[in-house]
Amino acid sequence: APPQKHSTNSLLPPIDTTMVWEFIPGILLSGHCPIITRLFGKLLMVRNAVTCMVIALAALLCVSCSAGGDIRVVSIEQVSPGEANIVVRISNGDSADKTGYRMREGYIAFLHDDGTGIVGTAGAMEGASVLWSLRGVTYGTETYEYLTTDEGTTRFTRETSKPYELQRYEFPNEDVGALFVLQGQQTVDVLGTGGTLTSVANAGIFQNNGQCGSRIVSITDTKLAPSVALAAFEAYSAQSNDGEVPENMAVVVQLTDHDGDVPPVLAVAPMIDGLTSGQNMFSCEGDVVTMPSFQATYPNASRDNGLDANVGTMVLQRWDLSTGQRTIIPVVDAEGSAIELNEERTIHLYEGIQVGNEYRFISANGDAFAVDVTSGQGRYLFSIPSRSRDHSTVFQVTATGVYALEDRGDDRVVTLFYRPWDGEEQRELFTTSDLGRYLKGTALTGQMDIQSFALRPGWDGGAQ
């Protein structure tokens with residue numbers, strides 16, 4: 001087992017001056033003047049002159065002392081799921097001013113079926129994801145990991161700052177793994193049920209990640225992860241009989257439960273030109289990983305030759321981790337024709353779920369498919385296009401259908417839609433303008449984005 005790198009954790013106390021920066025944007029948005037009064041009551045305890053100036057600015061910018069709408073903002077220690085069924089993670093991560101002059105900030109919102117609810121000031125994280133399991137709701141910032149239950153919020157301190165999050169996974173033992181990327185490496189922070197936060201580093205870039213049982217594994221190649229090249233070529237030489245060694249290898253590695261920063265190799269195969277995917281989840285049955293992928297028609301496409309790199313077909317990469325080998329299965333429709341992909345119809349960064357032998361998924365672009373993971377027979381189902389160019393629609397899936405949380409853009413009105421996999425019409429579950437106050441941000445934070453959302457375990461209100 002890897003060395004255990006423990007963090008500190010605590011059930012959050014009442015507001016203190018060390019956390020004052022986390023509450024300024026919430027003050028500006030909520031118009032909750034009693035909070036300002038409390039903060040000024042502590043000014044004599046604050047020695048940092050810059051912090052004092054920011055608090056004063058917050059008071060000047062507070063335009064109302066009465067909260068409006070059906071969503072109220074509170075400090076993170078006051079947040080709890082209550083009767084909510086949807087949790088939304090908001091941050092100014094991707095749209096924040098990279099010059100450093102804008103304050104990094106974010107929120108966690110717990111919403112009821114009608115769109116009303118509560119918002120907690122939770123800090124910023126680019127690519128912020130949120131996971132709702134039976135254990136509670138987990139989410140994070142660059143420096144903290146949070147666990148919110150009906151009993152309150154517990155904060156865990158990261159060993160090192162993690163500025164960009166990729167995905168969260170729940171393990172069979174109810175531990176939660178959060179995957180981050182930074183400067184040529186990916187790390188996994190695991191929040192244990194015993195109250196510990198441990199970290200595992202992995203040198204290299206791993207562009208296809210997912211969970212297989214109690215492990216997080218990644219499908220990458222030796223060009224992006226040169227740290228695993230030696231082990232990959234050794235594994236290939238041991239299983240190959242032709243004596244030929246490819247220039248580059250596709251490789252499956254394990255990102256959790258290992259020593260050092262070089263992840264162990266689980267499977268290898270020659271790299272195929274033009275075969276890509278870009279996912280943070282895939283199907284896993286036993287030791288067999290199956291991932292829908294894009295096979296380019298013109299792997300050598302470039303501006304010089306005028307060929308389109310976005311034109312191709314769907315295939316399945318099927319990796320058997322028990323034998324270390326890969327199979328490529330073309331995906332075809334009921335008539336035996338290839339399912340074509342292009343710039344308008346994609347599979348990149350899908351949200352997926354396996355139902356029987358069928359893997360059902362919807363891409364970040366809003367294109368939904370279903371594929372039999374053994375035969376490769378597939379179906380294009382429908383598309384849910386975003387109505388905003390600047391703010392993406394985000395998705396969650398259940399066995400029955402797709403939930404789409406749409407930020408309309410100009411007025412920042414948010415709508416939750418549901419569409420069944422079987423082709424029935426899309427229907428609206430709720431629309432709220434109250435999140436717009438947080439999404440529009442302030443002069444200090446700039447605009448915010450919905451980074452992700454999650455559903456209460458077992459809730460499938462759209463299917464009712």
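The following exchange looks at salt bridges in a predicted model.

Biologist: How should the residue numbers and the values be read, and which pLDDT do side-chain atom pairs need to count?

Modeller: Residues are numbered from 1 along each chain as its sequence is written, and side-chain values use heavy atoms, with hydrogens and water left out. Because this is a predicted model, local features need pLDDT of at least 70, totals for chains, interfaces and linings use all residues, and side-chain atom pairs count only at pLDDT 80 or more.

Biologist: How many salt bridges does the structure hold?

Modeller: Side chains of opposite charge can pair when their charged atoms come close. A salt bridge is counted where a side-chain nitrogen of Lys or Arg lies within 4 Å of a carboxyl oxygen of Asp or Glu. The number of salt bridges in the structure is 13.

Biologist: Arg168 and Glu145 meet in a salt bridge; how many residues apart in sequence are the parts that the pair ties together?

Modeller: The N to O distance between the side chains of Arg168 and Glu145 is 2.5 Å. Strands (E) are DSSP runs of at least two residues, numbered from the N terminus. Arg168 lies in strand E10 (residues 165–170) and Glu145 in strand E8 (residues 144–149), so the parts tied together are apart in sequence by 23 residues.

Biologist: Are Glu358 and Arg360, which form a salt bridge, buried or exposed?

Modeller: The closest N and O atoms of Glu358 and Arg360 are 3.0 Å apart. Buried means under 20% relative accessible area, exposed over 50%, and partly exposed in between, with a 1.4 Å probe and protein chains only. By that scale, both Glu358 and Arg360 are buried.

Key:
Helix = DSSP H or I, 4+ residues; strand = E, 2+ residues; numbered from the N terminus.
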